[in-house]
Structures are given as structure tokens and as C-alpha cells.
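Hi everyone, thanks for making time for this. I'd like to walk you through one model today, and please keep it open on your screens as I talk.

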Amino acid sequence: MPRLRVAVVPVTPFSQNCTLLWDDETKEAVVIDAGGDVPRIMEAVTKQGLNVQALWLTHGHLDHAGGVIELRDLLNARPGHTPVDIVGPDRRDAVLLDNLQQQGEMFGLKGLRNVTPDRWLAEGDQVKVGTHVFDVLHCPGHTPGHVVFVNHALKFAQVGDVLFQGSVGRTDFPYGNHAALIDAIKTKLLPLGDDFSFVCGHGPNSTIGAERRSNPFIQ
Ligand SMILES: [Zn+2]
């Protein structure tokens with residue numbers, strides 16, 4: 001089986017874990033949550049010689065989606081490059097993606113551009129990096145349209161701002177819902193199994209087992 005490689009590039013003043021996934025053999029790649037600091041993401045793409053095929057979004061917050069249009073345009077301007085699609089999140093985050101520029105100005109971040117995805121995602125959809133298949137889980141609560149990407153074969157997930165090492169996503173922003181978030185974690189993420197590892201939107205990686213045992217928010 002071709003190997004899936006993972007690299008994290010921290011971006012924006014919020015240290016968001018922009019995540020590169022690629023097939024080691026073919027260099028087919030996706031970038032999850034290109035929130036900003038696009039030159040740094042491009043540097044990682046170039047260094048690994050990646051052929052980026054899509055930009056996936058977990059949700060519509062500015063630190064996750066604020067650099068997506070800039071990155072897409074840079075990638076598409078490369079000679080011979082196949083057009084890159086913006087994929088996800090669930091349509092319920094359109095209200096956030098339509099206001100990225102405004103969100104950015106509130107935080108003093110300039111140059112953010114609103115995003116209209118080429119493809120919205122929904123629970124049960126599948127997306128691919130080369131031959132690696134990821135299932136899409138809709139995990140609302142942090143935002144209404146938050147999605148999580150799950151690879152069952154490799155027991156690996158990118159969970160955005162749903163679950164962190166020792167914490168969970170904030171729900172004090174507009175459209176947040178703490179009960180929905182905890183429900184999504186308990187009914188969709190914990191059942192994946194203790195041996196699943198995940199990259200999250202901020203901070204270190206963890207495993208489902210470690211969070212099930214010790215995360216104070218889900219006991
Ligand atoms: Zn967020």
C-alpha cells in the first residue's frame with residue numbers, strides 16, 4: 001500500500017495546524033485548512049515536490065480558511081498544474097466563509113478573502129488523497145458545518161477544532177453549541193477506537209484512547 005505522509009505547518013497568529021497529506025509514491029497531495037501564511041505552506045509544498053490536488057476545509061473560521069483562495073490561485077498559476085478544488089466543509093458553515101474578510105479585519109488581519117467551496121461536504125461523503133480514502137464525518141458544535149476527515153485503513157483522522165489533546169473546541173463564538181460538540185465527540189469520534197491517532201487544529205497530536213481516558217471535557 002502506498003504510504004501516506006503527514007506534515008503540519010503552523011499558520012496564523014493562532015498557530016493553526018495546516019496539514020499536508022500526500023501519497024509518498026505519487027506525490028499526490030491535499031492541504032487541510034490553509035488558514036494563512038501561504039508562503040510558508042507553498043515552501044513546504046515545493047520542498048516535498050507535491051502535486052496538490054485539493055484544499056480541504058474542516059470549518060469556516062478565519063485561521064482555518066483565510067488563506068485558501070490565495071493558495072489556490074498560486075497553485076493554479078503553476079505551469080501545467082491541474083486546477084485545484086476547494087472541498088468542504090458542510091454547507092452550514094457558508095455563513096462563516098462568506099464573512100472571512102470581515103472576521104479578519106476584526107482581528108487586524110488583512111488580505112483575507114471570502115471562500116465559496118467548489119464542493120460542499122456532508123456526512124458519509126468520501127474524499128481521496130491519491131488512493132487513500134477518507135470518510136467525512138459532520139461534527140457540529142464548534143461551528144455548525146464542521147467536518148472531520150477519517151482514514152480507517154490507517155486509523156488516522158484530522159479533526160480540526162472538535163477535539164484537542166486534553167481539551168475540546170471552543171463554543172463561545174457565534175454559532176457555537178457545546179452540547180452538540182460533546183455529542184459529536186461521543187457518538188462519532190470515540191467510537192472510531194482507542195488506536196486512532198489524530199491531528200487537531202491547534203496543539204499536539206493525540207489518540208482517541210488517550211482522550212477517552214483523560215480528557216476532562218468528555219468524562
Ligand atoms: Zn475554529
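I'll go through the cores, then the pockets, then a few backbone details and single residues.

One reminder before we start: what you see is a predicted model.

Let's begin with the packing. In soluble globular proteins, nonpolar side chains tend to be buried together. Here, the largest nonpolar core has 29 residues, and the members that touch the most others are Leu20, Val31, Val52 and Leu71. Quite a few elements feed into this core: strands S1 (4-11), S2, S3 and S4 (51-56), along with helices H1, H2 and H3 (68-76), each supply at least two residues. H1 has the largest share of this core, at 5 residues.

Please click on Leu71 for a moment. What does Leu71 touch, once residues up to four places away in sequence are not counted? The list is Val31, Ala34, Val38, Ile41, Met42 and Leu55. Val31 is a nice one to keep on screen, as Val31 and Leu71 are both among the core members that touch the most others.

There is also a second core, separate from that one, with 22 residues. Cys139, Val168, Ile185 and Leu190 are included in this second core.

Now for the open spaces. Rolling a probe the size of a water molecule over the atoms shows where empty space is left. The largest pocket comes out at a volume of about 540 Å³. Its lining has 20 residues, and those closest to the centre are His61, Leu62, Gln103, Phe107 and Phe173. Which helices each supply at least two residues of that lining? They are H2 (62-65), H4 and H5 (100-106), and H5 gives the most, with 3 residues. Sorted by class, the lining of the largest pocket has 10 nonpolar, 7 polar and 3 charged residues.

The second largest pocket has a volume of about 160 Å³. It is lined by 14 residues, with Gly35, Gly36, Asp37, Lys110 and Leu112 closest to its centre. The class split in the lining of the second largest pocket is 5 nonpolar, 6 polar and 3 charged.

Two of those names deserve a stop of their own. Gly36 sits in the loop between S3 and H1. Is Gly36 buried or exposed? Its relative accessible area is 11%, and the cut-off for buried is under 20%, so Gly36 counts as buried. Not counting residues up to four places away in sequence, Gly36 touches Val11, Thr12, Ile41 and Gly67. If you'd like a distance to check on screen, Gly36 and Leu75 are 15 Å apart from C-alpha to C-alpha, with their positions 39 residues apart in sequence.

Then there is Asp37, in the loop between S3 and helix H1 (38-48). Asp37 is partly exposed, at 33% relative accessible area, and its phi is near 45 degrees, a positive value in a residue other than glycine.

That brings us to the backbone. Most residues other than glycine have a negative phi, and most peptide bonds are trans. Lys27 is another residue with a positive phi, near 70 degrees. You'll find Lys27 in the loop between strand S2 (16-23) and strand S3 (28-32), where Lys27 is partly exposed with a relative accessible area of 26%.

For the peptide bonds, please go to Gly88 and Pro89: the bond joining them is cis, with omega about -5 degrees. Pro89 is in the loop between strand S5 (85-87) and helix H4 (94-97).

Asp90 is in the loop between S5 and H4 too. Asp90 is buried, with a relative accessible area of 6%. What does the side chain of Asp90 reach at 2.8 Å? The partner is the backbone nitrogen of Arg92. Leaving aside neighbours within four places in sequence, the contacts of Asp90 are Trp120, Leu121, Ala122, His138, Gly145 and Val147.

My last stop is Ser167, in strand S11 (residues 167-168). Ser167 is partly exposed, at 23% relative accessibility. Beyond its neighbours within four places in sequence, Ser167 is in contact with Glu211, Asn215 and Phe217. Ser167 and Ser214 are 47 residues apart along the chain, and their C-alpha atoms are separated by 9.7 Å.

That's the tour, and I'm happy to go back to any of these places.

Note on methods. Residues are numbered from 1 along each chain as its sequence is written. This is a predicted model: local features need pLDDT of at least 70, side-chain atom pairs count only at pLDDT 80 or more; totals for chains, interfaces and linings use all residues. Side-chain values use heavy atoms; hydrogens and water are left out. Helices (H or I, at least four residues) and strands (E, at least two) are DSSP runs, numbered from the N terminus. Buried means under 20% relative accessible area, exposed over 50%, partly exposed in between (1.4 Å probe, protein chains only). On a 1 Å grid over the protein atoms alone, a cavity is a set of points where a 1.4 Å probe fits but cannot get out, and a pocket is an open set with protein on both sides within 12 Å along at least five of seven lines; lining residues have an atom within 4 Å of a point. Grid points are joined across faces, edges and corners, and a volume is the space filled by probe spheres set on the points. Ala, Val, Leu, Ile, Met, Phe, Trp, Tyr, Cys and Pro count as nonpolar, Asp, Glu, Lys and Arg as charged, and the others, Gly among them, as polar. A nonpolar core is a set of buried Ala, Val, Leu, Ile, Met, Phe, Trp, Tyr and Cys residues joined through side-chain atoms within 4.5 Å. Contact means heavy atoms within 4.5 Å. A polar contact is a pair of N or O atoms within 3.5 Å; within protein, one must be able to donate a hydrogen and the other to accept it, and residues adjacent in sequence count only if both atoms are side-chain atoms.
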